[in-house]
Amino acid sequence: MNDALPDRLRRQDTRLDSYVDRYAARTHGMTASAIRALFSVANRPEVVSLAGGMPNIADLPLDVVGATLADLVVSNGRQAMQYGSGQGEPMIREAICEVMRLEGISAHPDDVTVTVGSQQALDLVTRIFCDPGDVVLCEAPSYVGALGVFRAFQCEVAHVAMDEQGLNPAALREAITALRAAGKTIKFLYTIPNFHNPAGVTQPAERRMELLAIAEEADLLVVEDNPYGLLGFDAEPTPAMRSLNEDRVVYLGSFSKTFAPGFRVGWVLAPHAVREKLVLAQESATLCPPVFSQFAIASYLANHDWRGQIKIFSEMYRERRDAMMAGLVDHMPPGTTWTTPAGGFFVWVTLPPGLDSHAMLARAVTARVAYVPGTAFYADGFGSRHMRLSYCFPTPARIIEGTRRLGEVLQYEITVNETFGTGLEDGHSYGAGERSPLRVYEAPGANQA
Ligand SMILES: Cc1ncc(COP(=O)(O)O)c(C=O)c1O
């Protein structure tokens with residue numbers, strides 16, 4: 001068969017990747033996320049996937065969106081399909097300021113840079129601030145996509161412990177002091193204050209103020225990532241950190257969860273000088289963010305009750321959160337604990353001692369339920385006693401069935417451990433702060449167990 005190929009197409013090298021010696025050092029940290037590897041199996045219809053964090057856009061009125069897009073092409077297609085500004089189109093930047101006002105932010109459209117989802121915002125912010133070896137402070141655990149960006153820019157991630165009110169202030173102080181004493185350069189604190197991915201917790205307003213006071217004292221930049229803030233179930237949105245401190249906070253927002261992720265429109269709101277650097281970085285990355293998507297979203301916001309639509313989404317997610325909570329109460333074995341999210345998509349589960357969510361995953365998928373092992377949300381191997389469950393996508397009945405299947409898997413693991421032991425000295429599971437290879441900064445005197 002190979003003989004039939006012309007010479008230039010014949011394989012010259014037996015290595016799988018003959019370019020392996022040529023890649024830049026920064027690619028060494030680029031690995032497929034645990035979530036990506038999972039998608040192929042978890043998407044099979046017989047598997048209840050509590051793994052992916054895909055927004056559930058079934059309730060979007062496609063006829064309205066379709067009519068908006070058709071009208072856009074007919075009435076303004078030549079502009080909407082042309083190159084545009086590297087900073088983003090003025091009318092969407094104005095609309096973004098209106099959206100941010102719902103979380104107490106008062107901003108000028110000139111300080112907004114439009115990005116390809118907030119994922120690109122993370123990339124641009126890291127690109128302009130971080131050199132290899134610089135430290136980024138992150139919650140423990142943190143968003144897997146952000147960790148991937150920090151790794152790609154060869155940053156060192158230092159995880160800071162959380163509690164039920166989000167990032168722990170004493171642990172943050174401890175981390176800053178210890179890292180600076182070790183001669184490290186901390187470039188910024190990356191935090192997700194609302195409906196944390198993956199931890200499911202929210203910082204109350206007082207906690208935000210406390211963290212900002214520490215940032216002020218330590219002269220630390222804060223990157224506030226807030227894709228879920230408007231998807232709360234009970235209360236009005238908590239004021240954004242950016243609304244409490246304009247100069248120290250770089251704020252990232254997105255239309256992926258409040259409208260639809262396929263348009264890939266997010267943004268950065270940054271102090272003016274930072275904004276200038278972001279636009280230069282954006283121009284070199286994309287020339288300009290997708291103009292058609294920006295026009296489409298601006299038309300949608302202008303012609304549709306988008307606030308009402310966000311309420312519809314929130315109600316739908318609340319129903320699913322309730323199903324998840326009920327399923328966990330009914331089916332989790334004793335010793336399992338979890339967070340109770342007041343919005344967003346995710347629950348963080350802590351397993352009984354001796355269980356390892358990473359090792360267990362294949363057995364769970366065989367039992368037709370999928371989740372993301374906690375290790376995906378740490379920079380280095382930590383978190384195996386945890387898992388992230390998403391309730392955003394399956395129906396409430398499927399969510400309950402998923403928790404039932406998961407409960408059986410956990411019970412089986414517990415029984416096996418009781419019969420044969422965990423195979424780990426002292427029941428050690430590399431989870432929950434136990435002798436991990438990675439340092440997670442805890443509050444002084446905190447119980448590491
Ligand atoms: C915390 C967080 N930040 C950023 C993103 C990226 O979202 P997008 O690029 O779609 O705006 C996500 C997506 O799940 C997320 O959970």
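A residue counts as buried when its relative accessible area is under 20%, and as exposed when that value is over 50%. By this rule, buried residues make up 54% of the 449 residues in the chain. The structure is a predicted model, and its chain holds 13 helices and 15 strands. The points below begin with the chain as a whole and then turn to the ligand, to a sheet built around strand β14, and to the residue R405.

**The chain as a whole**

- The accessible surface of the chain comes to about 20000 Å², and carbon and sulfur atoms account for 54% of this surface.
- Among the contacts in the chain with a separation of 6 or more, 76% are between residues that lie 24 or more positions apart.

**The ligand and its surroundings**

- The ligand is surrounded by 13 residues, of which S118, D225, Y228, S254 and S256 come nearest.
- Sorted by class, this shell around the ligand consists of four nonpolar, six polar and three charged residues.
- Helix α4, which spans residues 117–129, gives the most to the shell, contributing three residues.
- Y228, one of the residues that come nearest, has a side-chain N or O atom that lies 2.6 Å from an oxygen atom of the ligand.
- For N197, the distance between a side-chain N or O atom and an oxygen atom of the ligand is 2.8 Å, and for K257 the corresponding distance from a side-chain N or O atom to a ligand oxygen atom is 2.8 Å.
- On its own the ligand has 400 Å² of accessible area, and the protein covers 91% of it.

**Strand β14 and its sheet**

- Strand β14 covers residues 386–390, and because five of its five residues are buried, the strand is largely enclosed by the rest of the structure.
- Both faces of β14 are covered, since the buried residues include H386, R388 and S390 on one side and M387 and L389 on the other.
- In general, the strands of a sheet pair through backbone hydrogen bonds, and they do so in either a parallel or an antiparallel manner.
- Here, four strands form an open sheet in the order β10-β11-β14-β13, with antiparallel pairing.
- Strands β10 (337–338) and β13 stand at the edges of this sheet with a single partner strand each, so one side of each is left without a neighbour in the sheet.
- Strand β11, made of residues 346–350, runs antiparallel to β14 and is joined to it by five bridges, and within this pairing V349 has M387 of β14 as its bridge partner.
- Strand β13, made of residues 372–373, pairs with β14 in the antiparallel sense over two bridges, and here P373 stands opposite M387.
- Strands β10 and β11 also pair in the antiparallel sense, over two bridges, and T337 has T350 in β11 as its bridge partner.

**The residue R405**

- R405 is found in helix α13, which runs over residues 396–420.
- The relative accessibility of R405 is 7%, and because buried means under 20%, R405 counts as buried.
- Although R405 and V48 are 357 residues apart along the chain, their C-alpha atoms are separated by 8.8 Å.
- Leaving aside residues up to four places away in sequence, R405 touches E46, V48, A367, R368, V369 and R398.
- The side chain of R405 is also joined to the side chain of E401 by a polar contact of 2.8 Å.

Key
Residues numbered from 1 in each chain as written. Predicted model: local features only at pLDDT ≥ 70, side-chain atom pairs only at ≥ 80, totals over all residues. Heavy atoms only, no water. Near = heavy atom within 4 Å. Polar contact = N/O pair within 3.5 Å; in protein donor to acceptor, adjacent residues only side chain to side chain. Areas by Shrake-Rupley, 256 points an atom, 1.4 Å probe, with all protein chains shown as cover. Nonpolar A, V, L, I, M, F, W, Y, C, P; charged D, E, K, R; others polar. Buried < 20%, exposed > 50% of the residue type's maximum accessible area, 1.4 Å probe, protein only. Contact = heavy atoms within 4.5 Å. Pairing = 2+ DSSP bridges.
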